[in-house]
Amino acid sequence: MAVTLRLKRFGRLNHPTYRVVATDPRFPRDGRIIEALGYFLPLMPRAQEQVKLNAERIQYWLSVGAKPSDTVAQMIEKAGMKVPTTKKAERAKSKGKPAAFVAPKKKVRKPKAQRRAEKAARAATAKK
């Protein structure tokens with residue numbers, strides 16, 4: 001099961017508050033969660049109180065392979081933690097050379113007279 005670290009929205013209209021959560025990516029944004037890891041209050045006037053993260057639990061989830069969303073990854077880096085980056089898998093290159101292209105044989109229809117003669121020959125052998 002893959003786990004993502006992302007934001008879950010709370011709060012009333014025009015006053016958003018977010019929780020940083022570990023969740024299954026198949027669930028909706030505000031759906032079921034596995035664990036709450038902190039919060040983000042974007043409208044808080046004091047910048048030091050806007051974000052609070054449980055660093056120990058976030059490090060645990062990152063160590064077991066959880067993928068943070070872009071926003072949560074930025075928040076983690078601002079908090080002084082390191083976000084592991086995954087290398088993109090390189091495509092294996094073929095060692096052999098491709099076979100030379102050979103065009104398929106063109107089907108040529110037999111003349112009508114020849115087809116009639118073959119049909120008559122088959123009918124004659126079937127009567128015997």
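F40 and V51 face each other across two strands, with V51 sitting in β4. The model is a predicted one, and this pairing is a handy place to start a walk through the sheet. Strand β4 covers residues 51-53 and is joined to β3 by three bridges, with the two strands running antiparallel.

**Across the sheet**

Step back and the wider arrangement comes into view: an open sheet of five strands, ordered β4-β3-β2-β1-β5, with mixed pairing. The edges belong to β4 and β5 (67-68); each has a single partner strand, so one side of each is left without a neighbour in the sheet. As a reminder, strands of a sheet pair through backbone hydrogen bonds, either parallel or antiparallel.

The table gathers the strand pairs in sheet order.

| Strand pair | Sense | Bridges |
|---|---|---|
| β3 and β4 | antiparallel | three |
| β2 and β3 | antiparallel | five |
| β1 and β2 | antiparallel | seven |
| β1 and β5 | parallel | two |

Moving inward from β4, we reach the pairing of β3 (residues 35-40) with β2 (residues 17-23), an antiparallel match of five bridges. Here V20 stands opposite G38 of β3, while R19 has Y39 of β3 across from it.

Strand β2 also has β1 (residues 4-10) as an antiparallel partner, over seven bridges. On this side V20 of β2 is opposite L7, and V21 of β2 is opposite R6. V20 can therefore be followed both ways, to L7 in one direction and to G38 in the other. The hairpin of β1 and β2 has six residues between its strands, and in it G11 adopts a positive phi near 95°.

How enclosed is β1 by the rest of the structure? Five of its seven residues are buried, so this strand is largely enclosed. Beyond β1 comes β5, paired with β1 in the parallel sense over two bridges. T4 has K67 of β5 as its bridge partner.

**Aromatic rings**

The structure holds two aromatic pairs. In one of them, the ring centres of Y18 and F40 are 6.1 Å apart and the planes meet at 25°, so the pair is stacked; the cut-off for stacking is planes under 30 degrees apart. Since Y18 belongs to strand β2 and F40 to strand β3, the pair ties together parts that are 22 residues apart in sequence. Y18 counts as partly exposed, at 22% relative accessibility. F40, at 18%, counts as buried, because the limit for buried is under 20% relative accessible area.

The other pair is Y60 with W61, which is edge-to-face, with 5.3 Å centre to centre and 70° between the planes. Is Y60 buried or partly exposed? With a relative accessibility of 37%, Y60 counts as partly exposed. W61, by contrast, is buried, its relative accessible area being 11%.

One more ring deserves a look: F10 has R19 lying over its face, at 4.0 Å from the ring centre. This is the R19 that stands opposite Y39 in β3.

**The largest pocket**

Which residues line the largest pocket? They are F40, Q50, V51, T71, Q74, M75, K78 and A79. That list brings us back to F40 and V51, the two residues that stand opposite each other where β3 meets β4. The volume of this pocket is about 150 Å³.

Helix α2 (residues 70-78) supplies the largest share of the lining, with four residues. By character, the lining divides into four nonpolar, three polar and one charged residue. F40 thus turns up in several parts of this tour: it is opposite V51, it stacks with Y18, and it is one of the residues lining the largest pocket.

Notes: Residues numbered from 1 in each chain as written. Predicted model: local features only at pLDDT ≥ 70, side-chain atom pairs only at ≥ 80, totals over all residues. Heavy atoms only, no water. 1 Å grid on protein atoms, 1.4 Å probe; cavity = no way out; pocket = protein on both sides within 12 Å on 5 of 7 lines; lining within 4 Å. Points joined across faces, edges and corners; volume = space filled by probe spheres on them. Nonpolar A, V, L, I, M, F, W, Y, C, P; charged D, E, K, R; others polar. Pairing = 2+ DSSP bridges. Phe/Tyr/Trp six-rings, centres within 6.5 Å; stacked < 30°, edge-to-face > 60°. Buried < 20%, exposed > 50% of the residue type's maximum accessible area, 1.4 Å probe, protein only. Lys NZ or Arg CZ within 6 Å of the ring centre and 35° of its normal.
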